[in-house]
Number of protein chains: 2
Amino acid sequence: MAEQRIPRATAKRLPIYYRYLNILLDADKTRVSSTELSEAVKVDSATIRRDFSYFGALGKRGYGYDVPKLIEFFKKILNQDQLTNVALVGVGNLGHALLNFNFHQNSNVRISAAFDVNDNIINTVQSGVPIYPLTEMEQQLQEQQIAIAIVTVPEDTAQEVTDQLVKAGVRGILNFTPRRLSVPENVRVQNVDLTNELQTLIYFIDHYGDLVNTTRAGQN
Amino acid sequence: MAEQRIPRATAKRLPIYYRYLNILLDADKTRVSSTELSEAVKVDSATIRRDFSYFGALGKRGYGYDVPKLIEFFKKILNQDQLTNVALVGVGNLGHALLNFNFHQNSNVRISAAFDVNDNIINTVQSGVPIYPLTEMEQQLQEQQIAIAIVTVPEDTAQEVTDQLVKAGVRGILNFTPRRLSVPENVRVQNVDLTNELQTLIYFIDHYGDLVNTTRAGQN
């Protein structure tokens, strides 16, 4: 908590740095220049240096960055030395795909419980994850001390499910529904709106012609 | 092209405004204040006014915004008066979910062709979409004049597929793989990195305590 607050854009890039540094280490590379790092992660090197500066000066001029040190550093920052269990609410097509999605291969995050209203899958195990009835959600989340939930329910039930999640003590919601959710101040919602992503992409291509990449450093 | 370039953050909010305005119109509301709009879409009203200002003054003091006019306006901006066909490359779990995902309900975007290497699904129709072999991708994309592709292939083939897409004339890629793709200047990549989204959410909750929403206006 003592550390300086970093911008959201920087926070979003930390997992990308972390993943690439692990690839380097697997290839027995123990140092990397900011130029190499920049080329690999598609973030310009000035941005990388600024991002790293939030955590103190980590690189040395003419040497670059020490890979194992950086990894240790990011591991702590990203809480990768402990497993984070998350819940999935709504096991439809997208929910099923997320159960199969290999979050754990690239990170220390795991879907450990899922919830649905469909009697055909309730009380079964799907892709290694137990499916509970929605009516048991509050109890299970509290018992399992899960603080983060992925929401992939139909749009018209999204707010109701969110209210239940908040009541159960959830602090972070990854929202795949197009609904904008209302939550208390101390709960964070991150929206992954797939229609929106496509529309934004189309907008840029239609309106920017060959200049689509003027914001390329961020890529996002 | 004559119009002013708008920030990426603004471009990302346009589809959200557009969707909510359509909900209002369906409910026979013909005007809306920036406060109401703000509450519904979870974007602060100063940001809304600034976003709208990029397109000229669209609201009137004490009256608010004219809903049908705004919709007409956004429809053109977002190219919603014509259907945009997109391709899907990689019909695994996530690809299947996206084929079933109802992009078309909320937007004028439709997955019209999909590509894979799996003989069991090649030359079949899945969720109404024909699946072609990857070897026919360039030809099909050119024939169907598809400029946008969603990439959900395994990480280690992502760059190869991207090179083929670029060769076939694709201008925009929605990248669901964790790989950062290399593309020419005139091609735009938008990354949807689900592991990254979860890690960022965890980071904010671990490090910001009750202040998780200091950047709430953006919500993303």
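This report walks through a predicted model, from its domains to its symmetry and its core.

## Domains of chain A

Chain A is assigned two domains. Domain 1 runs over residues 8–77, and domain 2 over residues 84–195. Their centres, taken over C-alpha atoms, are 31 Å apart.

## An annotated region

An unreviewed UniProt entry marks residues 16–55 of chain A as "DNA-binding region". That label comes from the record. In the model, residues 16–55 of chain A are 70% helix and 5% strand. The C-alpha atoms at the two ends of this span lie 16 Å apart.

## How the two chains relate

Two copies of a chain are related by a rotation about an axis and a shift along it. Here, chain B falls on chain A after a rotation of 180 degrees, with 0.0 Å of shift along the axis. The RMSD of that superposition is 0.0 Å. This is the relation of a two-fold axis. Both copies use the same surface: 100% of the contact residues of chain B recur in chain A.

Which residue of chain B comes closest to the rotation axis? It is B:Ala97, whose C-alpha is 3.1 Å from the axis.

## The nonpolar core

In soluble globular proteins, nonpolar side chains tend to be buried together. The largest nonpolar core in this model holds 48 residues. Six of them touch the most other members: A:Leu98, A:Ile111, A:Ile150, B:Leu98, B:Ile111 and B:Ile150.

Take A:Ile150. Leaving aside residues up to four places away in sequence, A:Ile150 touches A:Val86, A:Ala87, A:Leu88 and A:Val89, among others. Its contacts also include A:Leu98, A:Ile111, A:Phe103, A:Leu174 and A:Phe176. From chain B, A:Ile150 touches B:Leu198.

Note on methods. Residues are numbered from 1 along each chain as its sequence is written. Chains are lettered from A and ligands numbered from 1 in the order in which they are written. This is a predicted model: local features need pLDDT of at least 70, side-chain atom pairs count only at pLDDT 80 or more; totals for chains, interfaces and linings use all residues. Side-chain values use heavy atoms; hydrogens and water are left out. A nonpolar core is a set of buried Ala, Val, Leu, Ile, Met, Phe, Trp, Tyr and Cys residues joined through side-chain atoms within 4.5 Å. Buried means under 20% relative accessible area, exposed over 50%, partly exposed in between (1.4 Å probe, protein chains only). Contact means heavy atoms within 4.5 Å. Domain bounds come from an automatic or database domain assignment. Copies are superposed by least squares on the C-alpha atoms of residues with pLDDT of at least 70 in both. UniProt positions are given in the numbering used here, feature names are shortened, and annotations may be inferred rather than shown by experiment. Helices (H or I, at least four residues) and strands (E, at least two) are DSSP runs, numbered from the N terminus.
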